[in-house]
Amino acid sequence: MISLKMQVKILTVFMVCCLLIPSTSYAYGWGYKKGPKNQPPEVGKYGEILKKHGGYYLDDSGEKTVYLTFDNGYEAGYTETILDILQEENVPATFFLTGHYVRSAPEIVKRIASDGHIIGNHSYHHYDFTELTKEKYLKEVTDLDRAIEAVTGIERLHYLRPPRGVFNEQTIEWGNEFGYIHMFWSVAFVDWHSDQNKGWESAYRQVIDQMHPGAIILLHTVTEDNALALSHLIKDLKQEGYEFRSLDDLVLRDMIKDPLAIAK
C-alpha cells in the first residue's frame with residue numbers, strides 16, 4: 001500500500017506536469033466566409049476574440065484603405081522585386097518574418113527595414129503556438145525579436161501573426177501579456193505553393209474579387225505570380241480610390257480614439 005507521503009509526492013509531480021504541458025484542448029485556424037463583392041468577410045466568433053484582446057483582421061472604419069502584409073518563411077528570389085515595386089509606388093507594407101528567413105536572407109531583412117517597412121513577428125521556428133508551453137511560446141517570439149535586432153538594430157517588434165493562423169484564446173492572451181498586437185487578415189488565397197504558379201492574372205483576380213474597404217491583405221513572397229501581380233494590384237486599387245496605409249496608421253488611429261489604450 002502506498003504511503004501518504006508517497007501519495008503527496010505523486011500528486012505534486014502530477015500537478016507540476018499539468019502546469020508544464022500546454023493546453024491543446026482546442027485550436028482555431030483563422031478563416032472566414034468570403035463576403036459579397038466589396039464587403040468584408042464573415043469571421044464569426046473569431047472577430048469577437050480579436051476585439052476582446054485588441055487584435056485586428058481589418059480596418060472597420062469603412063474608409064477605402066488597404067494594408068499590404070507579406071509572410072516570409074523563406075526566400076525564393078522574389079522579395080527584392082516586391083520591394084522595388086513598393087518603393088516605386090510609394091506603398092508601405094509589413095513583412096512577417098521567421099527565424100529561418102532572418103538567418104538566410106539578412107541583407108533583404110536590412111533592406112526591408114531601411115526602406116521603411118514594418119517587420120512583424122511570425123515566430124522563430126514557425127511552430128503551432130497552441131502546442132507550446134507559455135515558456136516555449138515566449139522563447140519563440142523573443143528569439144525572433146533578438147534575431148531581427150541583431151540584423152537591423154530594431155529592438156522590439158510590435159505585431160504578431162501566429163504561424164499558419166493557428167491560435168486559441170490562451171495564446172492570444174500570452175501575446176498580449178508580452179506586448180504584441182495580433183494581426184490576422186481579411187483577404188488571402190492559397191499562394192504559398194511555389195511550384196503551382198498559375199500566372200499573375202490568377203493572383204490578381206484572387207485578390208480583386210475579395211477586396212473591400214479596410215482590407216488587410218496577406219500575400220506570400222515565394223511565387224512569381226504575386227511578384228508580377230503586385231504592380232497591377234497597386235495601380236488598379238489606387239485608381240479605384242483605395243489608399244495604402246501601414247499597420248501603424250491603423251493602430252495609432254484607434255489609440256487616438258481611445259487614449260486609455262496607449263497606457264494598456
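How many nonpolar, polar and charged residues are there in the lining of the second largest pocket? The count is 11 nonpolar, 10 polar and 5 charged. One caution before I go on: this is a predicted model.

Staying with that pocket. Its space comes to about 530 Å³. The lining has 26 residues, and D71, R164, W192, L218 and H220 are the closest to the centre. Two strands, β2 and β8, each put at least two residues into the lining.

Next, helix α9. This helix runs over residues 224–239, which makes 16 residues. At 1.5 Å a residue it should span 22 Å, and the end C-alpha atoms sit 24 Å apart, so the two values agree. The helix has a kink, though. The bend is about 35°, and L230 is at its centre.

L230 is also one of the buried residues of α9. The others are D225, N226, A227, A229, L233, I234 and L237. What covers them? Among the elements are β2 (65–72), α3 (79–89), α8 (200–208), β8 (215–220) and β9 (243–244). So β2 and β8 appear twice in this talk: in the cover over α9, and in the pocket lining. Just past the helix, G241 has a positive phi of about 95°.

Last stop, H158. Look in the loop between α6 (134–152) and β5 (159–160). Its relative accessible area is 46%, so H158 counts as partly exposed, the range for that class being 20% to 50%. Leaving aside residues up to four places away in sequence, H158 touches G179, Y180 and I181. I119 is 39 residues from H158 along the chain, yet their C-alpha atoms are 8.5 Å apart.

Key
Residues numbered from 1 in each chain as written. Predicted model: local features only at pLDDT ≥ 70, side-chain atom pairs only at ≥ 80, totals over all residues. Heavy atoms only, no water. Helix = DSSP H or I, 4+ residues; strand = E, 2+ residues; numbered from the N terminus. Expected span 1.5 Å × (residues − 1). Bend = angle between axes of the 7 residues up to and from the residue. Buried < 20%, exposed > 50% of the residue type's maximum accessible area, 1.4 Å probe, protein only. Contact = heavy atoms within 4.5 Å. 1 Å grid on protein atoms, 1.4 Å probe; cavity = no way out; pocket = protein on both sides within 12 Å on 5 of 7 lines; lining within 4 Å. Points joined across faces, edges and corners; volume = space filled by probe spheres on them. Nonpolar A, V, L, I, M, F, W, Y, C, P; charged D, E, K, R; others polar.
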